Amino acid sequence: MSASGKSAPLTRLPAWRALQEHHRSAAGFRLRELFEQDPARFDKFSLRCGDILLDYSKHLVTADTLRLLLELAHSRDLPAWINRLFSGDKINLSENRSALHTALRAPGPLVVDGTDIATDVAQTLSRMRRFCDAVRGGKRKGFSGRAFTDVVNIGIGGSDLGPALATEALAPYACPQLQSHFVSNVDAAHLAGVLARLNPETTLFVVASKTFTTLETLANARSARDWLIAKAGSTAAAVPHFAAATSNVAAAREFGIDAEQVFETWDWVGGRYSLWSAVGLPLALTIGMEHFNQLRAGAHDMDAHFRNTPPERNMPVIMGLLGIWYANFFGAATQAILPYDQSLRLLPDYLQQLEMESNGKCVTQDGSAVDYATAPVIFGAAGTNGQHAFYQLLHQGTQLVPADFIGCCQSHYNLGSHHEILLSNLFAQSEALMRGRTRDEGKAQMQSQDMPQQDIARMAPHRVFPGNRPSTTILIRKLEPRTLGALLALYEHKVFVQSVIWGVNAFDQWGVELGKQLAGRILPELATGTPVSAHDASTNGLINYFKANRH
């Protein structure tokens, strides 16, 4: 859909058809040859923004490919959509809302529907600062008068993944007197396992729920409250131990959370884009508001780059278009996220929600069915662990899996040559995916090892690596709050670019609703001993088997 609201079938656009025609020749691209033909390829196909380097030279693209992809973006009015995003237009059409996560980190005013959004944000940030300073300084205490030593975030989805990722990634900046914990799964094993390690006198819970109606979050919050009351001996004693981040302030108050410890979010912030809001409270408690504001500043740096940089030099635009190229013209159904930094081990989980919940749609903004692929399946793991798990498929499998390698030039942890070993693997893996290894190269290697000729002939097919597997490498100077903020905003905007091209709404998630509704119907059925028969045969059988065996 264009920014004017007029529907335009994507696959009928001249730019789309030109890309289809170009793909016929691109199918014959060999990355080895592209590098041999152009020694300056890295310089031509890499970008820099602040302390982030984006190398996309190991992709199956030429200057013509990029020109055609940029023409596709222009035909979908991408610059106009970017302006609408930052201006506060109601681009979340199905919910008639703005998507203003960028306003959470913008320094200037933004008036939407007569309200200065920046003023509301600043007031909440100011309240967060006072609260964080009081907790971190030991002035705000638990029921027994002892300072807090542990913070437990209770949330799910965007109210868990973003804060959990950032808290682990920025552990070198954490307050040593505060330990952070994250509970998301309604499985009792998750909450019970955390509570078993905690002292109720010194534990602070942050309940993060935009609507304060999320079943899993409220179940965990109630059980946490019951645990604390049982230890403290009264309901009143639990009050100082709970804070909340929510847009439903009244519900949080009704739960029993003091008004001073309820921090407002807004309906124009989607859960998976909410780290920059009060949902980031557990992170701010851990690393302090100064570092939290540096995280926000880094995201704003990327916002400014995205909004003001021409598309051909724009990191999120290029990343988004490369994803379109592989998903829609090469049929790539998956993408690997490979952070070579243990501190970023949760990044694949975070991006699963960001990308798959945002763009995993089968209808466009105007309700028309799509006839092309949208979001790929995101998976990944921290290097070098992933190398000993699924890289075999990346190198020699039958599927094309574009990969994002992410590494840091500097480490917070100086331990011998560990960092050099880690980065050597990152560089080697991206090179190996690109170059591969021919049969002759495999034979030559075995000959250099003095293997018998019959063994060389037998093993030669197994030593061949097809290569020509595309990858992006993102290098960060150092994993600091500001660079982490920029990295996460880079992926946010990449997802938005792709949503514009595909014509889908990146800011709703109706696909999660049906399962919730059916669970609400099934839950009371589990409380009785009567067999059920109101569902399909499979669901009836599963429920009845559970009821017969739960004791």
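At what angle do helix H5 (residues 78-87) and H20 pack, and how far apart are their axes? In this predicted model, the angle between H5 and H20 is about 125 degrees, and the axes sit 10 Å apart. That makes the two helices oblique to each other, and the crossing of H5 with H20 is right-handed. On the H5 side, the residues involved are Leu-78, Trp-81, Ile-82, Leu-85 and Phe-86, and they meet His-493, Phe-496, Val-497 and Val-500 of H20. Sorted by class, this contact has 8 nonpolar residues and 1 polar one, with no charged residues.

H20 (residues 481-502) also has helix H15 (residues 347-359) for company, with the axes coming within 10 Å and crossing at roughly 25 degrees. Angles under 35 degrees count as roughly parallel, so H15 and H20 get that label. Their crossing, too, is right-handed. H15 brings Leu-347, Tyr-350, Leu-351, Leu-354, Glu-355, Ser-358 and Asn-359 to the contact, while H20 supplies Leu-487, Leu-488, Tyr-491, Glu-492, Lys-494, Val-495, Gln-498, Ser-499 and Trp-502. The class make-up of the H15 contact with H20 comes out at 9 nonpolar, 4 polar and 3 charged residues. For the contact of H5 with H20, by comparison, the charged class is empty.

Next come the aromatic rings. The model holds 18 aromatic pairs. One of them joins Trp-266 and Trp-268, whose rings are stacked, with 5.0 Å from centre to centre and 0 degrees between the planes. Both Trp-266 and Trp-268 are buried. Elsewhere in the chain, ring pairs tie Trp-16, Trp-325, Tyr-326, Phe-329, Phe-330 and Tyr-372 together into a cluster.

Some members of that cluster turn up again around a histidine. His-23 is part of helix H1 (residues 14-26). Is the His-23 side of the story a buried or an exposed one? With a relative accessible area of 19%, His-23 is buried, since the cut-off for that label is under 20%. Once neighbours within four places in sequence are set aside, His-23 is in contact with Trp-325, Phe-329 and Phe-330. Those three aromatic residues are among the ones linked by ring pairs into the cluster.

How values were computed:
Residues are numbered from 1 along each chain as its sequence is written. This is a predicted model: local features need pLDDT of at least 70, side-chain atom pairs count only at pLDDT 80 or more; totals for chains, interfaces and linings use all residues. Side-chain values use heavy atoms; hydrogens and water are left out. Axes are lines fitted to C-alpha atoms, for helices over the stretch in contact, and angles run from 0 to 180 degrees between N-to-C directions. Helices (H or I, at least four residues) and strands (E, at least two) are DSSP runs, numbered from the N terminus. Angles under 35 degrees count as roughly parallel, over 145 as roughly antiparallel, 65 to 115 as roughly perpendicular and the rest as oblique. A crossing is left-handed if the near helix is turned anticlockwise from the far one by less than a right angle, and right-handed if clockwise. Contact means heavy atoms within 4.5 Å. Ala, Val, Leu, Ile, Met, Phe, Trp, Tyr, Cys and Pro count as nonpolar, Asp, Glu, Lys and Arg as charged, and the others, Gly among them, as polar. Rings of Phe, Tyr and Trp (its six-membered ring) pair if their centres lie within 6.5 Å; planes under 30 degrees apart count as stacked, over 60 as edge-to-face and the rest as tilted. Buried means under 20% relative accessible area, exposed over 50%, partly exposed in between (1.4 Å probe, protein chains only).
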